[in-house]
Amino acid sequence: MKAAAISVSPLSGVLSVGGPARRGWAFAQRLLRNRSALIGLVLLAAVLALATAGRWLFPGDPWEMAGAPMLWPGQEADHPLGTDFMGRDLATGLVSGAGVSLLIGLVSTVLAALVGTAVGALGGYYRGWVDAALMRVTEVFQTVPKFVLAVVLVAIFKPSVGTVVLAIGAVSWPPTARLVRSEFLALREREFVLAARTLGMGDARLILTQILPNALPPVVALASLSVATAIQTEASLAFLGLGDPNVMSWGTIIGGGREQVIDAWYICGLPGAAIVLTVLGFNLLGEGLNDVLNPHLRER
Amino acid sequence: MSLLDIRDLQVAFDTRAGVVQAVNGVNLRVERGETMALVGESGSGKSVTAYAILRLLAKPAGRISGGQVLFQGTDLVQLDERAIRAIRGNRIAMIFQEPLAALNPVLSIGRQITEAIRLHRDASPRAAWEQAVELLDRVQIPSPRQRAQDYPHQLSGGMRQRAMIAIALACEPDLLIADEPTTALDVTTQAQILALLKQLQLSTGMGLLLITHDLGVVAEVADRAAVMYAGRVVEEGGVNALFANPAHPYTQGLLASLQMDRLRAGERLPEIAGTVPSLLDLPEGCAFAPRCGQAHRLCRAESPRLGPAGTAQRVACFFPMAEPVARSLAA
């Protein structure tokens, strides 16, 4: 009951005026006023621009040998960011990698969020044996090292964008499940849930229309952080050669350039910097969202 | 047939300390168009009775361990989950003490009313929204079309309670249960909400079961009242008769505790000596006996049943106040 009293409606205070449109606008303003969210959004906008507009600036196949190998950035106007040890254009590779990272990061996180929310919602709402069973499964996933499990999953199935997404999704849902479960445990005791029950609502409707909207804000904040982790995981898999062989990912470029890291550090350095900035962007956005969506921290 | 006829209702809660008999044989009737007040101290079982009517006792601890709840002749205790859900919010609706807690914080008022309508009626979202605006107008919320877009925290306490009443009225229930509907409101708002409830009842003809510990509220709006003590109705009757001639010593004590205007300066406030017995360990016989000035050996041995006292009253006491000893011994 104490927990229930503490978890004050997360959205209500944030979105202070009127209808959905006005609510959304007020929320966006608040988010933009948060410094870390703003920096995060700027970084992510840059990555998104690289993935979209970059395709038009640096067209072509990232796997194609486009020029002499190991050209340094700025050495030749045709290859502004240089080439790798096989003469593949790095700018084209980075553009391709931005698309892959964003796609895999976002889709696998959506997948993890859906699974995690479903597991957490059912466990927290029904409690008892349902909860016990679901939490034991969650614990199994939490006790196995995440990355090793992802490697095994990708290795069993053929590496492709699809399997990488599934593998990352499969290892990253437990934190969401735990978070949603704790929210549900507290929210289900709140009086508005009882009031909705007196209106004749069944379990499914209570979960989906009454409790879930109240539980979502922290899930959104957590999801932004998990996109960052997913992008790192994707890069690590690609580095180990477990990426989709048909797409050029940042991890693939780093993996290919690791032998030349002394002579041509930029081959690893450029995609490495791209990963750092993207991950930083999602982390800052996640932190910003957390501040904005959490009514207790908001006042600081 | 009464709108609501509760017969010998028993509710038990399994707790770590043992079985708590929260409701211990309640008999209660509410007619159409009538306001029945259920009065009692905290823990007397009045709210539990209300939740038991809708079968919303906290599971798995709480259960109805006996009796019947006849609603228009149907025993709600026997209904399956689907059937009772079709009654909740549709035929019997409920409003709560603290509207801010009972309204969903992230859904607009209009949306919450719309949902209540669409749960039991086939209505398009648009039509339901129009109905929601109408309902807000009926509960006298100014500029209802704008307010329908508002979220609970944007409204004042009185407005929130009006909005909750609008939700409860969404499907035009036959019975409205109001659990301390005005306790959380300030006095002026309280009077407005009570007047609104009264007016809505006149226009819809619904029965109103008003749960309160405030005898002032009872005097203001109720037609009849039932006084609960330790999970039992100890006295029941028309409000005027009850207030004029309380037959049960407990009712009398309650009323006496209100008469502070007759108090001389320096005099102690009137009180009922002793404390409410633990529901875990109710005394043998009449639960009020340990605190009762008139208690007799019989009172400690046997539990009195609710029986007629005067023309419009029923009381559960062997020695009712008006005409002591003689009649109750005969009965």
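Start by selecting chain B: of its 331 residues, 47% are buried. Keep in mind as you look around that this is a predicted model.

**The whole chain**

Switch to a cartoon view of chain B. You should find 13 helices and 12 strands. Its radius of gyration is 21 Å, close to the 20 Å expected from the globule rule for 331 residues, so chain B is as compact as a globular protein of that length. Now turn the C-alpha trace along its principal axes, where the span is about 65 × 50 × 40 Å. Among contacts between residues at least 6 apart in the sequence of chain B, 64% link residues at least 24 apart.

**An open sheet**

Next, select strands 1, 2, 4 and 5 of chain B. In what order do the 4 strands lie in this open sheet? The order is 2-1-4-5, with antiparallel pairing. As a bit of background, strands of a sheet pair through backbone hydrogen bonds, either parallel or antiparallel. At the edges you will see strand 2 (18-30) and strand 5 (74-75) of chain B, each of which pairs on one side only.

Zoom in on one of these edges. Strand 4 (residues 62-71) and strand 5 of chain B run antiparallel and are joined by 2 bridges. To see a bridge pair, pick L70(B) and its partner D75(B).

Now add helix 1 (residues 46-53) of chain B, which packs on the sheet. Helix 1 touches strand 1 (4-15), strand 2 and strand 4 of chain B. Compare directions, too: that of helix 1 makes about 75° with that of strand 2 of chain B.

**Helix 11 and its neighbours**

Move along to residues 249-256 of chain B, which form helix 11. Which residues of this helix are buried? They are P249(B), Y250(B), T251(B) and L254(B). To see what these buried residues pack against, show helix 9 (215-221), strand 9 (224-229), strand 10 (232-238) and helix 10 (239-244) of chain B.

**Where the chains meet**

Finally, bring chain A into view. The contact takes 25 residues from chain B and 20 residues from chain A. On the chain B side, select helix 2 (81-87), strand 6 (92-95), helix 3 (99-102) and helix 4 (109-120), each supplying at least two residues. Which of the elements of chain B gives the largest share of this side? Helix 4 of chain B does, with 4 residues. Try colouring the side of chain B that touches chain A by residue type: you should get 15 nonpolar, 6 polar and 4 charged residues.

How values were computed:
Residues numbered from 1 in each chain as written. Chains lettered and ligands numbered in written order. Predicted model: local features only at pLDDT ≥ 70, side-chain atom pairs only at ≥ 80, totals over all residues. Buried ≥ 20, exposed ≤ 12 C-beta atoms within 10 Å, placed from the backbone. Contact = placed C-beta atoms within 7 Å. Nonpolar A, V, L, I, M, F, W, Y, C, P; charged D, E, K, R; others polar. Pairing = 2+ DSSP bridges. Axes fitted to C-alpha atoms, helices over the stretch in contact; angles between N-to-C directions. Rg over C-alpha atoms; globule rule 2.2 N^0.38 Å.
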